[in-house]
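Please open the structure in a viewer and keep the selection tool at hand. The tour below proposes what to select at each stop and describes what is found there.

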Amino acid sequence: MPSGALLFQSVILGLLLGGLYALLAAGLTLYFGIMRVVMIAHSAFLILAAYLAWWSHTELGIDPLLSMVVTVPLFFGCGVLLQRLLLARLRAVTLTMMSVLLTFAIAVVIEGLLGYVFSGTQRRIQLGYGAASLELLGARIAVVKLIAFGLAGVALASLYLVMKKTTFGWALRATIQHRDAAKLVGIDTDRVAGYGFGLGLATAAVGGTALSLDTTIYPSLHWHWIGPLMAIIVVGGLGSVPGAAAAAMVLGLAQSLLQIELGTTWAQTVFYIALFLTLAVRPQGFFGGRLAQRF
Amino acid sequence: MPSASERLLTPTRAAGGVALLAFAAVALAYPSIAPNPYLLSVGIVVLNYAVLSTSWNFVGGFTGYISLGHGALAGLGAYGTGLLVTKAGLPSFVALAAAAVMVAVLAVPLGYAALRVRGASFVIVSIALVLVTLLVFQSWASFTGGSRGLNVPRPFPGLLRPEHHRVFFYLFLALLAVALLVWWLIDRSRFGLGLKAIREDEDKAEALGTPTFAYKLVVFVVSAFFTGLAGGLYALWFGDLDPIFQFSILTGSYMVLMALLGGVRNLFGPLVGALLVGSALEYFKVEFGNTPLHLVATGVLLALVVLFMPDGVLPALGALFRRFSPTTDSSIREVTAAELAAQRTGGDLHAQSRNG
């Protein structure tokens, strides 16, 4: 039986990791809500943002957090273009399947380009405060992990505010709930859908920067993220943001606790086991509504 | 139900028949005319892709459900065969059959979880399958050999390398023929009709009484069986398995790319796609080596096919051909109104005899 301090530390680390998962899963949920698209390239953009943060730190010497000034608007623009130029062109009947292939192709292209430009070497940001840590009730928490969690928290909170308090958020939620009805009351659903995609991809920029602070990155890393993220959105119920956030927290915690006994590699299987069990027992997920039952 | 079009020799049909005969002749003669063993082995790799992609097309073509995880099923067939030979000491081809059956059995719970809801979850499960099998086969080194790989002894130890290639070329060709035959049989059956109804509109198919879930599950298991066979045969031929390559998401995406490029609704679509993409892949490997750029090329090609040619080259060629031939059918249906009427009377007789 592991000691109380170790257990406590794992719980803290699990919650911190869960926060990052929640932010990224929120982006995936947004895409699915808007267009019924499973966006495989989400985690590839995540790694791209991490590489951009690493590059701006090593080549330009600026703090990786500052790279967000560029990456967040850039990714927002990419998201809008991706939706308007590529995904909107697909046939509506086969949209779910073909969009998977299209975003898969984008993920593979990003992975290949990252490998070509930055080589397959593993990269890591060396920060002045990288080794600093806080001591809390016998648990040792790295400062960078707290920063990453803080970033995720702030981004999730602003996403929530945008969705609930702004006119654009209203229009976006209306588009998600019923596209035709939204169109009837005068919402330009195409434009709103594009901006919604931009918003989703912007979360990947924030998440990637947070990830780059304390993770070794390499081009094919995105496959290690897309699996858990997809498991999270299915367990939470496709299309439900609170469900995804709750599933992210629970599974992040479970992964962190299982690492004590099983090691990092086997602990990852918890996501896939949760995915299979959810689909076998409750295919609409644990928080999913009407939408999830059909997909 | 013989329909009128089968007795009609349209130019398209004639061209298809000639092309098929030509392909069969070239394929049968290829081991004799291939100038060196390397090119023969390329032929085997391409045939392997053709079998895999045809197996994928049982699910992708009939039901429209796109699986990116068939690479994992092939990998399981390969490792299953290898482990049954090395650990259990079974004869090579008994192990191959047993491994394929095991993959098919495994496909039942997988399909049960993945197929109860519509498309999105199926894709997610298929990708998760690749990721989890890679994880397990890399980490469980004591059983699978882990990253060091697994050596599969050759089934014919007495044969020299060129002879070995020649035998396996014909084995893969035979497997391809069987897979194509089964696809053709399903295509013509009531079962196939139900599957295609699922592809066109699953809600309507269900409303008309098609047991959609059972149909999807059965065809998924059939597809997994053939994929497992292809993977196992590859293991016996190549003799050296590495989890990184066996459980690669790329293998699955190659199958999709080949089938889509050729045309998923056509019997020979995946074969044509495999000939095109498989040869291109091998060519790129020789010319440029293993750079990350082959990922970019694969991705760009897949995106182009999805965006501009989601029905594949065969239907595009067929349309071009029909444009130049004096046509009688103006309908967009696959069958003419006369055929439909003939089928209807025939179908009623069938229905009566079944009900009676």
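Begin with helix 4 of chain A, residues 95–118, and select A:Glu111, which lies within this helix. Please keep in mind that the model is predicted.

Is A:Glu111 paired in a salt bridge or without one? This residue is buried and has no salt bridge. Select A:Arg123 next: this is the nearest side chain of opposite charge, and it is 14 Å away from A:Glu111.

Now display the surroundings of A:Glu111. Beyond its neighbours within four places in sequence, A:Glu111 is in contact with A:Pro219, A:Ser220, A:His222 and A:Trp223, and also with B:Leu295 of chain B.

The next stop is the interface. Select the 43 residues of chain A and the 42 residues of chain B that take part in the contact. Together the two chains bury about 3900 Å², and carbon and sulfur atoms account for 82% of this area. Highlight B:Ile124, B:Leu135 and B:Leu307, which supply 15% of the area that chain B buries against chain A, more than any other three residues.

How many salt bridges are counted between chain B and chain A? The count is one. To view a salt bridge, select A:Arg91 and B:Asp311, whose closest N and O atoms are 3.3 Å apart.

Finally, colour chain B by helix. Helices 5 (92–115), 6 (119–139), 13 (249–262) and 15 (293–308) each supply at least two residues of the side that touches chain A. Helix 6 gives the most, with 13 residues. By class, this side of chain B has 32 nonpolar, six polar and four charged residues.

Conventions:
Residues numbered from 1 in each chain as written. Chains lettered and ligands numbered in written order. Predicted model: local features only at pLDDT ≥ 70, side-chain atom pairs only at ≥ 80, totals over all residues. Heavy atoms only, no water. Contact = heavy atoms within 4.5 Å. Buried area = accessible area lost by both parts, 1.4 Å probe. Salt bridge = Lys/Arg side-chain N within 4 Å of Asp/Glu carboxyl O. Helix = DSSP H or I, 4+ residues; strand = E, 2+ residues; numbered from the N terminus. Nonpolar A, V, L, I, M, F, W, Y, C, P; charged D, E, K, R; others polar. Buried < 20%, exposed > 50% of the residue type's maximum accessible area, 1.4 Å probe, protein only. Lys, Arg positive; Asp, Glu negative; His and termini not counted.
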